[in-house]
Amino acid sequence: MMKICFYLRYHTRFGQLMLLDGNFMTHEKGKESELLEMTYLNNECWMARIEVDPVQQTSLHYKYYLRSDDGSLHPEGENDRVIDLSRITAQELHLTDTWNYSGEFQNVFYTAPFQETLFPRLPSAVLKEKAWRGNTHIFRVKAPLLEKDEVLCLCGSMPALGDWSTETPVILNKEGNWWTAKLNLAGQPFPVAYKYGVYHLKKKQFIRFEDGNNRILFDAPAKGKVQVLHDGFALLPNNTWRGTGVSVPVFSIRTGNGYGVGEFPDLKLLVDWAHRAGMKMIQILPVNDTTATHTWTDSYPYAAVSAFALHPIYLNPEKLAGKEQDKLVKKWRKTRKTLNDLPELDYEKVMQFKWSAFRELYDALKEEVFQDESYKSFFQQHRHWLEPYAAFCYLRDKYGTSDYTRWKTHSVYEEKSIRKLTARASKHFDEIGFQYFIQYHLHLQLEEAVTYAHGKGIVIKGDIPIGIYRHSADAWVDPSLYNMDQQAGAPPDDFAVKGQNWGFPTYNWKKMQEDGFSWWRKRFEQMSHYFDAFRIDHILGFFRIWSIPLHAVEGIMGRFVPAVPVHINEISARSISFDHTRFCKPFINDAIIWELFDGDAEHIKTHFVQHVGEGLYEMRPGFDTQRKVEAWFHQLEPGDYQHKFKTGLYDLLSNVIFFPDEKEPLAMFHFRFGMQQTISFRELDHYTKTQLEELYVDYFFRRQDFHWKEEAMHKLPDLKAATNMLICGEDLGLVPACVPDVMKELGILSLEIQRMPKGNTSFFHPSTAPYLSVITPATHDMSTIRGWWEEDRSRTQEFYNHVLGQWGEAPHFCEAWINKAILLQHLYSPAMWCVFQVQDILGIDERLRRENPHEERINVPANPKNYWRYRMHIPLEELLRQKTFTEEIQTYIRQSGRG
């Protein structure tokens with residue numbers, strides 16, 4: 001047996017506990033109750049001992065956890081604590097480790113985009129590798145940002161370490177992610193002071209020592225003992241790497257080879273241009289299949305019918321056809337020109353053509369494809385989602401709806417019956433196989449484009465929507481993973497004053513956690529086939545989600561879940577006489593009806609509300625929810641008059657102070673967001689308003705914070721550990737105070753936008769961006785720089801004078817030099833990533849930019865029926881010919897230190 005002693009160097013305070021997990025444990029990985037508790041030695045060190053049989057266990061993998069004094073569990077950021085026990089003959093192994101804080105900048109550089117694409121491959125061993133045997137001490141340290149031909153070296157206060165001589169330092173070998181030195185320090189003087197340094201191999205020159213104080217080693221050699229020191233990171237500058245990217249939805253790309261929409265092969269041309277411009281990243285919107293209705297409403301990329309399947313719209317039929325189907329390709333050429341000449345995406349026309357073309361190709365190629373070994377491998381690897389998805393598509397089209405609750409058969413998913421439906425012997429297999437065929441070729445085309453990007457040193461950043469579509473294959477297969485009686489959305493903000501209702505069911509996190517977030521792990525695995533990094537849409541949803549009941553239409557009717565409600569005793573303690581009807585029901589009187597409906601007040605009183613006495617009214621039973629109102633007006637002819645009535649009735653229904661808690665509706669309550677703006681609140685006496693406002697502030701900005709942090713720490717660490725993709729969080733909106741701390745602790749990059757500051761300022765300045773962030777002047781949910789410039793004259797003027805530092809009156813239109821100045825501000829930001837929408841890049845050139853900037857907006861969040869149809873106005877082939885423009889962009893990037 002081998003004795004293994006773990007020594008963890010980490011400063012703790014009273015109430016904290018260090019825990020150890022590893023492959024020597026027999027429990028489920030990461031289960032807190034069964035982790036090994038370490039022994040406290042002093043404020044700076046914890047230890048633990050185990051025994052293993054090196055014959056039975058040839059490798060040791062382990063990880064540390066901190067249990068804080070509030071009971072929360074925090075994993076360290078180190079994922080490379082691996083020891084090959086088969087190479088150690090000693091009876092005793094001492095592991096002296098340094099805690100790896102997950103938010104340490106250097107950890108980011110061990111994620112997929114850096115290790116696999118952005119950083120040059122260093123040789124696995126710069127010297128002949130030394131054996132572990134015969135050595136008493138193994139030094140291991142990380143340094144991800146070394147330049148070409150640079151290696152780590154070791155100097156110290158003993159002869160074996162050169163007596164601090166920089167002429168003869170110990171050169172470290174690169175083994176995996178660790179720089180390693182194996183030394184026999186028997187007979188050397190102890191304790192020893194040492195430091196790591198940087199050495200240039202080709203020049204044979206010592207460059208510098210690491211920063212900080214000397215490291216001290218006290219543990220002298222002993223017979224039969226080997227000591228491994230994991231010294232964390234060499235103390236070298238760790239925030240010097242900065243990159244630039246371009247953001248564009250795939251559907252918005254325009255090339256000469258497209259069929260009215262951007263397609264996966266078009267990414268190659270975008271890669272070529274980004275590479276020439278000195279960029280390192282291409283960021284796209286979700287590319288999952290959204291085919292729910294076969295209408296333009298399916299253009300919404302965040303409502304996927306599968307979190308795994310790719311959208312057929314991105315499949316290029318000519319590439320699929322190959323030379324063998326040249327007759328078909330020639331037949332399509334006229335249609336291609338017609339579709340490609342359109343200024344915007346015509347989703348329905350494009351999809352009508354593509355479904356027809358894909359059917360022809362399927363009939364011609366299906367037998368050949370299904371016999372291909374590559375296809376068979378793809379099918380087996382993706383079978384867990386591919387079969388249910390194909391069955392879902394078949395049943396959706398058979399019954400004319402994606403709402404599986406309305407299907408005559410298979411409305412409840414049963415794996416056995418679906419396996420039978422999708423079997424090769426099934427009479428419906430041709431319809432099922434068609435979906436397999438499409439997904440396989442989508443996979444090939446996207447994979448090829450991504451491989452091409454990597455070859456050019458470009459990484460691809462994807463996007464994970466916060467929700468799933470209510471009528472999706474995912475919800476059909478396992479509805480227990482979602483709260484189907486709720487709708488996810490966002491509270492009101494400057495962009496959507498009534499809030500947002502996305503319609504997605506919220507996640508049943510408790511159920512998802514039962515199997516270790518298996519659905520999420522599979523989702524991340526699927527994304528990692530194509531993406532190096534991803535943006536978590538609305539990361540605030542992992543802390544708390546804005547949950548709206550099914551009977552509501554507008555986001556204003558929602559509340560945060562989870563949330564600590566206000567108890568009736570808290571209200572009574574403030575000497576407020578609580579009237580459930582007054583506070584929790586729509587407050588309606590004659591004055592309010594006249595205020596909302598003017599001369600139509602009598603019509604409203606006759607048809608939609610009923611008198612309950614004392615000049616008060618309540619909604620009639622047929623109109624007492626927003627959904628009932630919506631249904632009533634849906635059957636009428638649309639028009640301005642009907643819209644006025646409908647929105648007015650919505651406002652009546654949302655004119656409340658509290659929403660009763662579902663569990664205790666008579667004792668627990670949640671404030672309606674924006675309570676102070678309701679007419680109901682306005683009608684209260686001064687004392688009651690003052691007391692409710694104090695409770696309101698406590699409810700939204702104080703009492704929830706710890707609870708929300710706890711919620712996030714139950715999910716995000718496990719989800720982050722499930723993938724090596726670089727994770728970026730979209731942390732915009734009403735951001736709880738705990739969010740930045742959690743993201744920083746986990747090393748998740750934040751999103752910083754100049755006109756959406758997170759502090760109490762009018763604008764955020766790029767120069768103040770945190771290093772672990774993505775900075776951009778605009779996202780797909782916003783107007784472009786040029787479009788924004790014309791929206792609010794007072795805001796533009798303030799920006800012109802105080803952010804751009806210009807005197808006098810701001811130009812009415814965003815001239816090219818202004819657009820350029822804003823881009824340059826961002827390029828010189830300390831943020832790790834600076835990403836621009838392609839519209840904003842083109843905006844710096846008077847010749848290339850679109851004439852009307854308002855035609856460049858991609859999405860309007862306040863409009864739930866937005867048509868996602870923006871396309872670049874010039875093809876990428878033309879952009880590639882603009883060498884002077886591209887060289888100008890490259891110069892700006894290089895001069896800013898992002899080259």
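# Rings, charges and a small sheet

Q: In this predicted model, is Phe-392 buried or exposed, and what about Trp-476?
A: A residue counts as buried under 20% relative accessible area. Phe-392 falls in that class, and Trp-476 does too. The answer for Phe-392 and for Trp-476 is therefore buried.

Q: Trp-509 and Trp-520 form an aromatic pair; of which kind is the pair?
A: The ring centres of Trp-509 and Trp-520 are 5.8 Å apart, with 10° between the planes. Planes under 30 degrees apart count as stacked. The pair of Trp-509 and Trp-520 is therefore stacked.

Q: Which helices hold Trp-509 and Trp-520?
A: The two residues are eleven residues apart, and their pair links distant parts of the chain. Both Trp-509 and Trp-520 are buried. Trp-509 lies in residues 509-514 and Trp-520 in residues 518-528, that is, in helix H11 and helix H12.

Q: How many aromatic pairs does a search of the whole structure find?
A: Two rings pair if their centres lie within 6.5 Å. A search of the whole structure on that basis gives a count of 84.

Q: Of which kind is the pair of Phe-392 and Trp-476?
A: The ring centres of Phe-392 and Trp-476 are 6.1 Å apart, and their planes stand at 50°. An angle under 30 degrees would be stacked and one over 60 edge-to-face, and the rest are tilted. The pair is therefore tilted.

Q: How many residues apart in sequence are the parts that Phe-392 and Trp-476 tie together?
A: Phe-392 belongs to helix H7 (residues 373-399), while Trp-476 belongs to helix H10 (residues 473-477). The pair therefore ties together parts whose separation in sequence, in residues, is 84.

Q: Over which ring does the charged end of Arg-359 sit, and over which that of Arg-582?
A: The charged end of Arg-359 is 3.8 Å from the centre of the ring below it, which belongs to Phe-434. For Arg-582 the distance is 3.7 Å, and the ring is that of Phe-587.

Q: Which strands stand at the edges of the sheet with the order S29-S34-S33?
A: This open sheet has three strands, with antiparallel pairing. S33 and S34 (residues 668-671) pair over three bridges, and Pro-660 stands opposite Phe-669 in S34. An edge strand has a single partner strand, so one side of it is left without a neighbour in the sheet. That holds for S29 (566-567) and S33 (658-660).

Q: At about what angle does helix H20 run to S34?
A: Helix H20 covers residues 686-701 and lies across S29, S33 and S34. Its angle to S34 is about 90°.

Q: Which backbone nitrogen does the side chain of Glu-730 reach?
A: Glu-730 is placed in the loop between strand S35 (726-729) and helix H22 (738-746). Its relative accessible area is 10%, so Glu-730 is buried. Glu-730 touches residues including Arg-535, Asp-537 and Leu-751. At 2.9 Å, its side chain reaches the backbone nitrogen of His-538.

Q: With which side chains does the side chain of Glu-318 make a polar contact?
A: Glu-318 lies in helix H4 (residues 317-321) and is buried, with a relative accessible area of 16%. The residues that Glu-318 touches include Val-329 and Trp-332. Its side chain makes one polar contact at 2.7 Å with Tyr-259, and another at 2.7 Å with Arg-336.

Note on methods:
Residues numbered from 1 in each chain as written. Predicted model: local features only at pLDDT ≥ 70, side-chain atom pairs only at ≥ 80, totals over all residues. Heavy atoms only, no water. Pairing = 2+ DSSP bridges. Helix = DSSP H or I, 4+ residues; strand = E, 2+ residues; numbered from the N terminus. Contact = heavy atoms within 4.5 Å. Axes fitted to C-alpha atoms, helices over the stretch in contact; angles between N-to-C directions. Phe/Tyr/Trp six-rings, centres within 6.5 Å; stacked < 30°, edge-to-face > 60°. Buried < 20%, exposed > 50% of the residue type's maximum accessible area, 1.4 Å probe, protein only. Lys NZ or Arg CZ within 6 Å of the ring centre and 35° of its normal. Polar contact = N/O pair within 3.5 Å; in protein donor to acceptor, adjacent residues only side chain to side chain. Lists of a residue's contacts leave out its neighbours within four places in sequence.
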